[in-house]
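Colleague: I should be grateful for a close look at one part of this structure, followed outwards to whatever surrounds it. Please give the cut-off behind each term as you come to it.

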Amino acid sequence: LLLVALARPQWGLTFEEARSRGLDIVVAIDTSKSMLATDLKPSRLERAKLAAQDLLGIAKEDRLGLVAFAGGAFLQCPLTIDDNAFRQSVEALDVNIIPQGGTALAEAINTALGAFKEGDNFKVLVLFTDGEDNDENALEAAQAAAKEGMKIFTIGIGTPEGEILRIKDAKGRTDYLRDSDGNAVKSRLNEALLQQIA
């Protein structure tokens, strides 16, 4: 009896609630024309899409959302644990998805911040872009997002040497993308800006 008493037997079940903080990850992918550059094969945009799919494989229990951006930004896929919904949203991305030209990094950051719901999860933005910013408010947007508790990870897509951009016309002929003066446009990775945003 003494041994049984020392073993402290118990009767019944007790439930204990355990809470853990997960990750809410918004992936923002640049869909501007500069992402057509092939300094990364097959193109910058395709490499970004492949990297987003890789992230999906790593983020097992975390929720993922998708923001597409060029001259504007919109939430392509709200935060979800549905892998197929996220995958299909990524596959649907192309440079014509947003008609407004340019690269609005600040708007992408603000759109991502708006995608997070109330809750205790960590807020993470993974930004895939070549960093060619046309609105110059990206750093202010990143600082405001940091105050809201969002962490930003920037993934530079492209090379510092860059490449002259080629596009296909309606007849399938290849031509250079030209600026308002008719000069061929060369797109380069802006590493310095992406480091500052992160």
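Modeller: Setting aside residues up to four places away in sequence, Ile109 touches Leu125, Ala138, Ala141, Ala142, Ala145, Met150, Ile152 and Ile197, where contact means heavy atoms within 4.5 Å. This is a predicted model, in which local features need pLDDT of at least 70 and side-chain atom pairs count only at pLDDT 80 or more, whereas totals for chains, interfaces and linings use all residues. Residues are numbered from 1 along each chain as its sequence is written, and side-chain values use heavy atoms, with hydrogens and water left out.

Ile109 belongs to helix 4, which covers residues 105-115. Helices (H or I, at least four residues) and strands (E, at least two) are DSSP runs, numbered from the N terminus. With a relative accessible area of 0%, Ile109 is buried; that word stands for under 20%, exposed for over 50%, and partly exposed for the range in between (1.4 Å probe, protein chains only). From Ile109 to Leu23 the C-alpha distance is 17 Å, and the two are 86 residues apart in sequence.

One of the partners of Ile109 is Leu125, and Leu125 also appears in the surroundings of Lys151. Apart from neighbours within four places in sequence, Lys151 is in contact with Lys123, Val124 and Leu125. Lys151 sits in strand 5, yet its relative accessibility is 56%, so it is classed as exposed. Its C-alpha atom is 9.6 Å from that of Ile25, although their positions lie 126 residues apart along the chain. Strand 5 (residues 150-156) also has the highest confidence in the chain, with a mean of 97, while helix 1 has the lowest, with a mean of 72; the scale used, pLDDT, is the predictor's confidence in each residue, from 0 to 100.

Polar pairing comes next. Side chains of opposite charge can pair when their charged atoms come close. How many salt bridges does a search of the whole structure find? The search finds four, a salt bridge being a side-chain nitrogen of Lys or Arg within 4 Å of a carboxyl oxygen of Asp or Glu. One of them joins Asp130 to Arg44, with the closest N and O atoms 3.0 Å apart. Asp130 lies in the loop between strand 4 (122-129) and helix 5 (138-147), and Arg44 in helix 2 (residues 44-58), so this pair ties together parts that are 86 residues apart in sequence. Salt bridges with shared partners join Asp39, Arg44 and Asp130 into one network. Within it, Arg44 and Asp39 meet at 2.7 Å, N to O. Asp130 and Arg44 are both buried; for Arg44 the relative accessibility is 0%, and Asp39, at 19%, is buried as well.

A further salt bridge links Arg63 with Asp24, with 2.8 Å between the closest N and O atoms. Because Arg63 is in strand 2 (residues 63-69) and Asp24 in strand 1 (residues 23-30), the pair ties together parts 39 residues apart in sequence. Its two ends differ in cover: Arg63 is partly exposed, with a relative accessible area of 26%, whereas Asp24 is buried at 4%.

The loop between strand 1 and helix 2 holds Pro42. A cis peptide bond joins Lys41 to Pro42, with omega at about -5°. As a rule, most residues other than glycine have a negative phi, and most peptide bonds are trans.

On the surface, Leu2, Leu3 and Leu6 make a nonpolar patch of about 410 Å². Patches consist of residues with over 30% relative accessible area and no salt bridge, like charges being joined within 9 Å and nonpolar side chains (Val, Leu, Ile, Met, Phe, Trp, Tyr) within 5 Å. Leu3 lies in helix 1 (residues 2-6) and is exposed, at 72% relative accessible area.

Finally, the chain as a whole. It contains six helices and nine strands, and 40% of its 198 residues are buried. Of the contacts with a separation of 6 or more, 75% are between residues 24 or more positions apart. The C-alpha trace spans about 95 × 35 × 25 Å along its principal axes. The mean pLDDT of the chain is 88, and 94% of its residues reach 70 or more.

Conventions:
Accessible areas come from the Shrake-Rupley method with a 1.4 Å probe; for residues, only the protein chains shown count as cover.
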